[in-house]
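Reader: I'm new to reading protein structures. Could you walk me through this one, with some questions along the way?

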Amino acid sequence: MSTIHHHKILILDFGSQYTQLIARRIREIGVYCELLPYDVKPYFIENFNPSGIILSGGPDRVSDIGSARAPNIVFELNVPILGICYGMQTMAVQLGGEARNSQKAEFGFAQIRARNHSKLLTGISDETNLDGHGLLDVWMSHGIEVTRLPLNFELIASTDNCPIAGFVNKEKNYFGLQFHPEVTHTKQGIQILERFVTDICKCNKNWTTDNIIKDLLVNIKKQVGNKKVLLGLSGGVDSSVVAILLHQAIGDQLTCVFVDNGLLRHNEGNEVMRTFSENMGVKVIRANAQQYFYDKLSNEADPELKRKIIGKAFIEIFDHEAKKIKNIKFLAQGTIYPDVIESAGTTSGKAKVIKSHHNVGGLPDDIKFDLVEPLKELFKDEVRTIGLKLGLPKKMLNRHPFPGPGLGVRILGTVKEEFAEILRQADQIFMEELNNHKLYDKVDQAFAVFLPIKSVGVTGDERRYDYVISLRAVETIDFMTARWARLPYEFLDHVSNRIMNEISRVSRVVYDISGKPPATIEWE
Ligand code: XMP
């Protein structure tokens, strides 16, 4: 029997930007956890049968009427609870304590002093003061704090500005921390979380890469039996890892379809075929549909409509190829855990669609498949680790994200084959130089954008009137917000010269210095 889910932690999400980080940290420690919206129905929480519960931070003010509360069931299950920031405040208020506006809001580093030798913090410190109290450098971000402890609670941490920065109910194993142990700025954060899940919740560390792979292979075999599976392979991390997993689990029962839509990066199609088909023996059909996509896109300049056309054309080609293969029962997809979290939403759901994202889905009604989604419990970093363990090239796994509509959203306005060719060359030069200068891994996403406007230039005595390329590089944690990367001027100068000298149709290169928000990362 699989044991990877045997001990598990439930994280209730109150909407903090760090909630997913809590989950990733718990997984890193080696314990399975899931994240549910705070207002999930109580029976989900009960059925989940957690060994412990974490209440996340969140944007509400706990003193406001109607602010979020943990469902009462969490206090009835008789399991340890850790409230972080807002989670601590709501626990305090719900159990009879009080929380109010802080005298002084705290955003950033703070030093807390551990008190009363709690199970959670004892022996964990960055330094010790003269009285023998542990001192911890932590990350605070709050304007409200607990001002009165509930009955049977005692203090376990304080700072100069925040007298109640941590508390415990020893009998029930309820803990609250005003600071964020999940962010790396809190140096001992991972030790604190590990103490909670292993010593206090008594979870075994079964969530390891080897165990996960074993479990996935067993489950895929069990689900698929001797039936055939189809996979749309894009060459991106998720679909690549699904391909290798399925190949290991069911061998030739898997057929992959790789659609070359003419909007891929330099040499990408050949690399995908080499890696999977030639090196690994995976059955891959390559659909060369470049012209089909260019034709469909030839009269459309609107970004949203372009995305829809690309999505629809993909499905048409995929469907066409799928129909050639007989007796397919399953469609495999590279859905990962953040996709599941996003689509689940909260009952009070505030998520907005900024751009329609393109994934395989919406296949016509006459092809009906059951879904195989082996990665749907995994975070991206876990998917990468598994891919690496299964032998996928590091270079492929560590590539920056590439949007589903590909170069289609990086050629502004109407897409033409000629523009795609120019952009591919410019992008390739940029990537090559980022790698040569060891800058590729220092930024989170970098790419070139084709601007269909003409600008005057001069080469020798010749006047030129050619296109503009914009370079974009960003630093980001979650791609929801981003800072433009401060790449060295010398480097940018070198890339710009190469692009203008080596690509005859480009007369000017610009560097995008827009943050997100207000700009998005992609230009369309
Ligand atoms: P934006 O442009 O919204 O991008 O700031 C955030 C991240 O999402 C990627 N992106 C997409 N990914 N299909 C995808 O699979 C899409 O349609 C799409 N649009 C944007 C983008 O590259 C960045 O990493």
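Reader: Okay, strands to begin with. In which sense do S11 and S14 pair?

Author: This is a predicted model, where local features need pLDDT of at least 70, side-chain atom pairs count only at pLDDT 80 or more, and totals for chains, interfaces and linings use all residues. Residues are numbered from 1 along each chain as its sequence is written, and side-chain values use heavy atoms, leaving out hydrogens and water. Strands (E, at least two residues) and helices (H or I, at least four) are DSSP runs numbered from the N terminus, and two strands pair if DSSP finds at least two bridges between them. S11 (residues 228–232) and S14 are joined over 4 bridges, and the sense is parallel.

Reader: Which residue of S15 is the bridge partner of phenylalanine 330?

Author: S14 also pairs with S15 (residues 370–372), in the parallel sense over 3 bridges. Toward S11, phenylalanine 330 of S14 stands opposite valine 229. In S15, its bridge partner is aspartate 370.

Reader: Why is S14 largely enclosed by the rest of the structure?

Author: Buried means under 20% relative accessible area, exposed means over 50%, and partly exposed is in between (1.4 Å probe, protein chains only). S14 covers residues 328–332, and it is largely enclosed because its buried residues number 4 of the 5.

Reader: Now salt bridges. How far apart in sequence are the parts tied together by aspartate 210 and lysine 389?

Author: A salt bridge here is a side-chain nitrogen of Lys or Arg within 4 Å of a carboxyl oxygen of Asp or Glu. Aspartate 210 and lysine 389 meet in one at 3.2 Å, N to O. Aspartate 210 sits in helix H5 (residues 209–224) and lysine 389 in helix H11 (residues 380–389), so the parts they tie together are apart in sequence by 179 residues.

Reader: And lysine 323 with aspartate 319: about how much of the helix separates them?

Author: Their closest N and O atoms are 3.4 Å apart, forming a salt bridge. Lysine 323 is partly exposed at 39% relative accessibility, whereas aspartate 319 is buried at 12%. Both belong to helix H9 (residues 303–324) and are 4 residues apart, so the separation is about one helical turn.

Reader: Are arginine 265 and glutamate 268 buried or exposed?

Author: Those two form a salt bridge as well, with the closest N and O atoms 2.9 Å apart. As for accessibility, both arginine 265 and glutamate 268 are buried.

Reader: Last one! How many salt bridges does the count come to?

Author: There's also a network of salt bridges linking Glu418, Arg464, Asp466 and Arg505. By the rule above, the count comes to 30.
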